[in-house]
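Could you walk me through this model in my viewer, one selection at a time? I would like to know what to pick next and what I will find there.

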Amino acid sequence: MKTTFLLFFLIATSFPLLAQVEFVAHRGASYLAPENTIAAAKLGWELGAEGVEIDVYLTPNQRVVAIHDKTTKRTTGVDLVVSETKSKKLRKLDAGTWKDENFAGEKIPFVEEILKIIPEGRYLVIEIKTGPEIMPALEKAIKKSGKVKQVRFIAFNWKTILSSKKLFPDNDCYWLTSSAKALDSKIKACASAGLEGIDVNAKLVTADMMNKAKELGLDVWCWTVDNPEEAKRVADLGVSAITTNRPGWLREQLQ
């Protein structure tokens, strides 16, 4: 009888926490589809992720494109520096075949193309991989899309995330870090700057860190979690969003 009651208590107390956690598809549903492509973004939302995360760079002709690396080598097989290559040339590359032949022909997308397909009630998380120089082009694309309210920003670069907050004061902005030392030195500044929160490597999520963030009024997201036990750990500690390569599968494991 005691064992049954204990089991019921554990389920009853942990499920609400899991239910409150949102899932962000890392570079789209990148476990199944080629990262940072339209196919991956669509699939992320189709699999139930509340948010889809993409990485962005700026080309010399002032176009914002979705890609994680500084070069195109890993995801296209052709070695070009994104910041030094005009978008017309980048768009000729195949960014899908490396993952699976079924994705042959997937292009490096413009941020406008991803913005266009955000479903109602969902959001796009834009990780800015550059300095603030990208902001004028990014601001133009976002405001033209008509989906400003469905965008959230993350960045490792301090000046960049501050610039995002200045240009989009009503949008959620989170500073990224994987360094415990950097987090300790910057967490108060995040609150002072008016950022909504921090987005940290899951290894940094501890009870002490969560308490400190809560005291400062900061929300906490974490990345990149594909392990159900780790997802439950950080959810139980109170993170509000988990970034994962497998949004649909991970949610099923927790439920």
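## Aromatic stops

Start by selecting Tyr-123, Tyr-174 and Trp-221, which ring pairs join into a cluster. Keep in mind throughout that you are looking at a predicted model. The number of aromatic pairs comes to five.

For another of these pairs, select Phe-153 and Phe-168. The ring centres of Phe-153 and Phe-168 are 4.9 Å apart and the planes stand at 35°, so this pair is tilted. Phe-153 sits in strand β5 (residues 151-155), while Phe-168 belongs to the loop between α7 (158-167) and β6 (173-177). With these positions 15 residues apart, the pair links distant parts of the chain. Are these two phenylalanines, Phe-153 and Phe-168, buried or exposed? Both Phe-153 and Phe-168 are buried.

Keep Phe-168 on screen and add Val-148, from the loop between α6 (135-145) and β5. The C-alpha atoms of Val-148 and Phe-168 are separated by 8.6 Å, with the two positions 20 residues apart along the chain. Setting aside neighbours within four places in sequence, Val-148 is in contact with Ile-142, Lys-143, Phe-168 and Asn-171. Val-148 has 24% relative accessibility and therefore counts as partly exposed.

## Helix α9 and its two sides

Next, select helix α9, residues 207-216, and colour its buried residues: Met-209, Met-210 and Ala-213. Turn the view to look down the axis of α9: the buried residues fall within an arc of 100°, so they line one face of the helix. That buried set packs against α8 (180-192), β7 (197-201), β8 (219-223) and α10. Now swing round to the other side of α9, where Asp-208, Lys-214 and Glu-215 are exposed. Just after the helix, pick Gly-217, which follows α9 and has a positive phi, near 75°.

## Where α10 meets α11

Stay with α10 (residues 228-237) and bring in α11 (residues 247-254). How do these two helices, α10 and α11, pack, and at what angle? Their axes are 10 Å apart and meet at an angle of about 70°, so α10 and α11 are roughly perpendicular to each other.

To see the contact itself, show the side chains of Pro-228, Ala-231 and Lys-232 in α10 together with Trp-249, Leu-250, Gln-253 and Leu-254 in α11. The residues of this contact divide into five nonpolar, one polar and one charged.

While you are in α11, click on Gly-248. Gly-248 has a relative accessible area of 11% and is therefore buried. For a sense of scale, draw a distance from Gly-248 to Asn-61: their C-alpha atoms are separated by 37 Å, and the two residues are 187 apart along the chain.

## Loops with a positive phi

Most residues other than glycine have a negative phi. With that in mind, go to Asn-36, whose phi is positive at about 55° although this residue is not a glycine. Asn-36 lies in the loop between β1 (22-26) and α2 (38-46), and with 3% relative accessibility Asn-36 counts as buried.

Then compare Gln-62, another residue other than glycine with a positive phi, near 65°. Look for Gln-62 in the loop between β2 (51-58) and β3. At 45% relative accessibility, Gln-62 counts as partly exposed.

## Around Ile-67

From there, move to Ile-67, in the loop between β3 (64-66) and α3 (73-76). Its relative accessibility is 5%, so Ile-67 counts as buried. Which residues does Ile-67 touch, not counting those up to four places away in sequence? They are Asn-36, Asp-55, Val-56, Tyr-57, Thr-72, Thr-75, Val-82, Ile-108 and Lys-129. The positive-phi residue Asn-36 thus returns here as one of the contacts of Ile-67. You can also draw a line back to helix α9: the C-alpha atoms of Ile-67 and Asp-208 are separated by 34 Å, with the residues 141 apart along the chain.

## Last stop: Thr-97

Finish at Thr-97, found in the loop between α4 (87-90) and α5 (111-116). Thr-97 has a relative accessibility of 27% and so counts as partly exposed. Beyond its neighbours within four places in sequence, Thr-97 is in contact with Phe-103, Ala-104 and Gly-105. Add Thr-75 to the selection too: the C-alpha atoms of Thr-97 and Thr-75, 22 residues apart along the chain, are separated by 8.4 Å. Thr-75 is also among the residues that Ile-67 touches.

Key. Residues numbered from 1 in each chain as written. Predicted model: local features only at pLDDT ≥ 70, side-chain atom pairs only at ≥ 80, totals over all residues. Heavy atoms only, no water. Axes fitted to C-alpha atoms, helices over the stretch in contact; angles between N-to-C directions. Helix = DSSP H or I, 4+ residues; strand = E, 2+ residues; numbered from the N terminus. Parallel < 35°, antiparallel > 145°, perpendicular 65-115°, else oblique. Contact = heavy atoms within 4.5 Å. Nonpolar A, V, L, I, M, F, W, Y, C, P; charged D, E, K, R; others polar. Buried < 20%, exposed > 50% of the residue type's maximum accessible area, 1.4 Å probe, protein only. Arc of directions from axis to C-beta. Phe/Tyr/Trp six-rings, centres within 6.5 Å; stacked < 30°, edge-to-face > 60°.
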